[in-house]
Amino acid sequence: MKATIAVLPGDGIGPEVVGQATRLLDAIAEKYGHEFVFVEGMIGGIAIDETGDPLPAETVAICESADAILLGAVGGPKWSDPTATVQPERGLLGLRQHFGLFANLRPVKTYPALAEQAPLRAELLQDVDILFVRELVSGIYFGERQEQGEGDVSYDTMRYSREQVAQVANVAFRAAQGRRKILCSVDKANVLASMRLWRRTVVEVHKDYDDVALEHLLVDAATMHLLTRPNSFDVIVAGNMFGDILSDEASVLAGSLGMLPSASLRADRFGLYEPVHGTAPDIAGKGLANPIGMFLSAAMLLRYSLGLEAEATAIEAAVDAALDAGLRTADIARAGEEIASTAAFADAVISRV
Ligand code: IPM
Ligand code: MN
């Protein structure tokens, strides 16, 4: 097949991991007889530097004429002055909102090869396989906001409509049906009105999925349950903010934030694929970044936007095989273990594909 992929490297380690992902996709294209056309665009801090806008119109146009978007990461200390009027993160948020990518899928699993060095006891980590479904285009990220400006008050608003909750709940229930049929919905219904609407709506949507067991957790309790009984979870659905926080917490289960991929989807096949990690300014440009989160995001792109299941599985198997062969980037290496550079790890995966 022929597909056009918008490639947005962004800032920090973004360009390093994205560069390896396009190499990997080239290898997939060659092996399986596809043609992937990459069209590169600017986003985030680099786009602010070059154009003054974290999401230039040209980038939006590139994405509009593509089948899917592959993104690295945005942000960094250079642009994080709290008095700055525009943040690199606005570029990413703008992209999610422009395309209405309301369902953010973040799978988290443990790797037996890494269990020993995890901060949690290995027995707790057995068979952890969680899919987070994070609502991505509403909630407190997009509610009415007051910057401080001249005054002394600022606020953000957590706002949800029934429809917004229902559409992400439907994605989560359907995902659970294809897995172990357990859904945990996370909210703060004991305090927040928007979260009472969240819970009522999830209960209502559940009527269409009576083969799925539904559990509710308050977000504070959920943070604790995630670490004390991680392998009891199957699919977890949460609002924008809570999903953001819980998915970073859950990265501890996988061994490193560098391992986690994500897909941001809407009702059709179009999607944005990015690792969960950020720009890691401390290691940018040093060849130390872990490309796994990016690679597994590329696999999700093949699966969800292009329908190439065998090709997606080939990437996932090659990542597993490289880990089983003992290759470790700096973030997942134990003391004394040899460290593979970003490129060396990528070579190991690409040669296995
Ligand atoms: C994420 C990131 C973003 C978010 C930032 C960079 C805007 O933390 O994708 O999880 O908060 O959604
Ligand atoms: Mn985050």
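In this predicted model, the shell around ligand 1 comprises, by class, five charged residues and one nonpolar residue, with no polar residue among them. The residues that surround the ligand are Glu-89, Arg-96, Arg-106, Arg-134, Tyr-141 and Asp-244, and the nonpolar class takes in Tyr, whereas Asp, Glu and Arg are counted as charged. Contacts to oxygen atoms of ligand 1 are found for several of these side chains: a polar side-chain atom of Tyr-141 is placed 2.5 Å from one such oxygen, a polar side-chain atom of Arg-134 lies at 2.8 Å from an oxygen of the ligand, and an N or O atom in the side chain of Asp-244 is 2.9 Å from a ligand oxygen. Of the 320 Å² of accessible area that ligand 1 has on its own, 79% is covered by the protein.

Elsewhere in the chain, strand S8, spanning residues 182-187, pairs with strand S9, spanning residues 213-218, in the parallel sense and over six bridges. Within this pairing, Val-186 has Leu-217 of S9 as its bridge partner. The connection from S8 to S9 passes through helix H6, residues 193-206, and the resulting β-α-β crossover is right-handed.

Glu-337 is located in the loop that lies between helix H10 (309-324) and helix H11 (342-352). The residue is classed as partly exposed because its relative accessible area is 28%, a value that falls between the limits of 20% for buried and 50% for exposed residues. Glu-337 is separated from Leu-327 by 10 residues in sequence, and the C-alpha atoms of Glu-337 and Leu-327 are 9.3 Å apart in space.

Conventions. Residues are numbered from 1 along each chain as its sequence is written. Chains are lettered from A and ligands numbered from 1 in the order in which they are written. This is a predicted model: local features need pLDDT of at least 70, side-chain atom pairs count only at pLDDT 80 or more; totals for chains, interfaces and linings use all residues. Side-chain values use heavy atoms; hydrogens and water are left out. Two strands pair if DSSP finds at least two bridges between them. Helices (H or I, at least four residues) and strands (E, at least two) are DSSP runs, numbered from the N terminus. A crossover is right-handed if, with the strands pointing away from the viewer, the path from the first strand over the helix to the second runs clockwise. A residue is near a molecule or strand if one of its heavy atoms lies within 4 Å of it. A polar contact is a pair of N or O atoms within 3.5 Å; within protein, one must be able to donate a hydrogen and the other to accept it, and residues adjacent in sequence count only if both atoms are side-chain atoms. Accessible areas come from the Shrake-Rupley method with a 1.4 Å probe; for residues, only the protein chains shown count as cover. Buried means under 20% relative accessible area, exposed over 50%, partly exposed in between (1.4 Å probe, protein chains only).
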